[in-house]
Amino acid sequence: MEKLIITAAICGAEVTKEHNPAVPYTVEECVREAGSAIEAGASIIHLHVREDDGTPTQDKNRFKLVMDAIHAQYPDVIIQPSTGGAVGMTNDERLQPTELNPEMATLDCGTLNFGGDEIFENTENTIKYFGEKMIERGIKPELEVFDKSMIDMALRLGKKGFIKSPMHFDFVMGVNGGISGTLRDFVFMRGSIPADATYTVAGIGRFEFPLAAAAIIDGGHVRVGFEDNTMISRGVVAESNGQLVEKVVRLANELGREIATPAEAREILGLKAR
Ligand code: KMH
Ligand code: ZN
């Protein structure tokens with residue numbers, strides 16, 4: 001079986017210090033949280049950035065500051081900026097970090113309810129536009145799919161040339177408004193992607209570790225981090241993103257799966273060496 005790629009989604013756009021005081025806002029806090037995850041075994045950092053007061057932003061300069069600061073201490077790590085940003089942002093606002101030519105970035109493959117009155121909007125034309133920009137800029141998309149229909153959308157747009165193969169999916173499971181985080185739905189999602197595709201699974205909240213275990217056994221890859229879940233176990237707040245990654249490494253060790261380095265992750269995902 002391929003080695004296990006662990007992605008750490010250290011920050012997100014919605015989670016706050018009220019949920020967990022270790023959620024990073026400042027550049028220094030982002031470096032601390034990324035560092036804890038990398039040292040525990042993460043080879044990819046999925047990155048959102050904030051203003052110092054916690055306000056989510058897609059500002060290119062803020063991304064550059066944080067990415068440069070992480071790479072200064074961890075030159076090998078793969079940094080995957082979000083192009084999802086936060087609900088309500090415009091397309092061009094969201095695309096700003098792709099101007100920094102990262103190796104990877106997320107590409108969200110459909111619209112969904114996002115709690116209360118919020119709608120995370122990704123029309124077909126938006127997905128095409130983001131796909132074109134990523135091809136133009138040589139960026140490998142991590143196709144964020146919150147439902148099975150979004151896999152179908154990615155495959156359709158792949159046939160039309162907006163997304164290249166082999167595709168890499170992120171099954172985000174357990175968002176209110178998206179597919180649930182049950183094992184039945186996981187099997188449905190992983191059985192719906194092409195044979196040459198890779199995937200990672202991001203279980204939201206209590207689904208994080210059960211779905212991590214499922215992906216470890218299945219030969220998939222795993223995403224954990226404060227963006228998806230702030231608790232290390234029921235009722236216990238995680239001390240750091242690194243603590244969440246350590247738990248995945250323990251599960252992988254028990255289940256006989258080795259952990260990929262950033263260089264090995266690049267090879268598995270077909271990224272150019274940095
Ligand atoms: N914050 C969500 C609205 C992504 O990173 O591409 C979108 C999100 C997806 O987190
Ligand atoms: Zn994200």
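A polar contact is a pair of N or O atoms within 3.5 Å. With that in hand, we can begin our walk through this predicted model at its ligand. A polar side-chain atom of His-46 lies 3.2 Å from an oxygen atom of ligand 1, so this pair falls within the 3.5 Å limit for a polar contact. Ser-82 also turns a polar side-chain atom to an oxygen atom of ligand 1, at 2.7 Å. Gly-85 takes part through its backbone: one of its N or O atoms is 2.8 Å from a nitrogen atom of ligand 1. Taken alone, ligand 1 exposes 310 Å², and the protein buries 98% of that.

Where does ligand 1 sit? Its place is the largest pocket. There, 14 residues surround ligand 1, and the closest are Glu-14, Ser-82, Gly-85, Thr-106 and Asp-108.

Let us move on to helix α2, which covers residues 60-73. Two of its residues make a nice pair to look at: Lys-64 and Met-67. Lys-64 has a relative accessible area of 42%, so it is partly exposed. Met-67 counts as buried because its relative accessibility is 8%, and the cut-off for buried is under 20%. Setting aside neighbours within four places in sequence, Met-67 is in contact with Leu-47, Ile-79, Pro-81, Leu-100 and Pro-102.

Both residues of α2 can also serve as starting points for a look across the model. From the C-alpha atom of Lys-64 to that of Leu-183 there are 38 Å, with their positions 119 residues apart along the chain. The C-alpha atoms of Met-67 and Phe-162 are separated by 27 Å, and these two residues are 95 apart along the chain.

That brings us to Phe-162 itself, in the loop between α5 (148-159) and β10 (168-173). Is Phe-162 buried or exposed? Its relative accessibility is 16%, so Phe-162 counts as buried. Beyond its neighbours within four places in sequence, Phe-162 is in contact with Lys-128, Gly-131, Glu-132, Ile-135 and Leu-157. Met-134 lies 28 residues from Phe-162 along the chain, and their C-alpha atoms are separated by 9.0 Å.

The loop between α5 and β10 also holds Pro-166. A cis peptide bond joins Ser-165 and Pro-166, with omega about -5°. Most residues other than glycine have a negative phi, and most peptide bonds are trans. Another backbone angle to look at belongs to Asn-101, which has a positive phi of about 50° although it is not a glycine. You can find Asn-101 in the loop between α3 (91-95) and β6 (104-108). Asn-101 counts as exposed because its relative accessibility is 52%, and exposed means over 50%.

Our last stop is Ser-240, in the loop between β14 (236-237) and α8 (241-255). Its relative accessibility is 16%, so Ser-240 counts as buried. Which backbone atoms does the side chain of Ser-240 reach? One is the backbone nitrogen of Gly-242, at 3.3 Å. Another is the backbone nitrogen of Gln-243, which lies 3.1 Å from a polar atom of the Ser-240 side chain. Not counting residues up to four places away in sequence, Ser-240 touches Glu-33, Ser-36 and Phe-226.

Terms used
Residues are numbered from 1 along each chain as its sequence is written. Chains are lettered from A and ligands numbered from 1 in the order in which they are written. This is a predicted model: local features need pLDDT of at least 70, side-chain atom pairs count only at pLDDT 80 or more; totals for chains, interfaces and linings use all residues. Side-chain values use heavy atoms; hydrogens and water are left out. Helices (H or I, at least four residues) and strands (E, at least two) are DSSP runs, numbered from the N terminus. Buried means under 20% relative accessible area, exposed over 50%, partly exposed in between (1.4 Å probe, protein chains only). A polar contact is a pair of N or O atoms within 3.5 Å; within protein, one must be able to donate a hydrogen and the other to accept it, and residues adjacent in sequence count only if both atoms are side-chain atoms. Contact means heavy atoms within 4.5 Å. A residue is near a molecule or strand if one of its heavy atoms lies within 4 Å of it. Accessible areas come from the Shrake-Rupley method with a 1.4 Å probe; for residues, only the protein chains shown count as cover. On a 1 Å grid over the protein atoms alone, a cavity is a set of points where a 1.4 Å probe fits but cannot get out, and a pocket is an open set with protein on both sides within 12 Å along at least five of seven lines; lining residues have an atom within 4 Å of a point. A molecule sits in a cavity or pocket if more than half of its atoms lie within 2 Å of its grid points.
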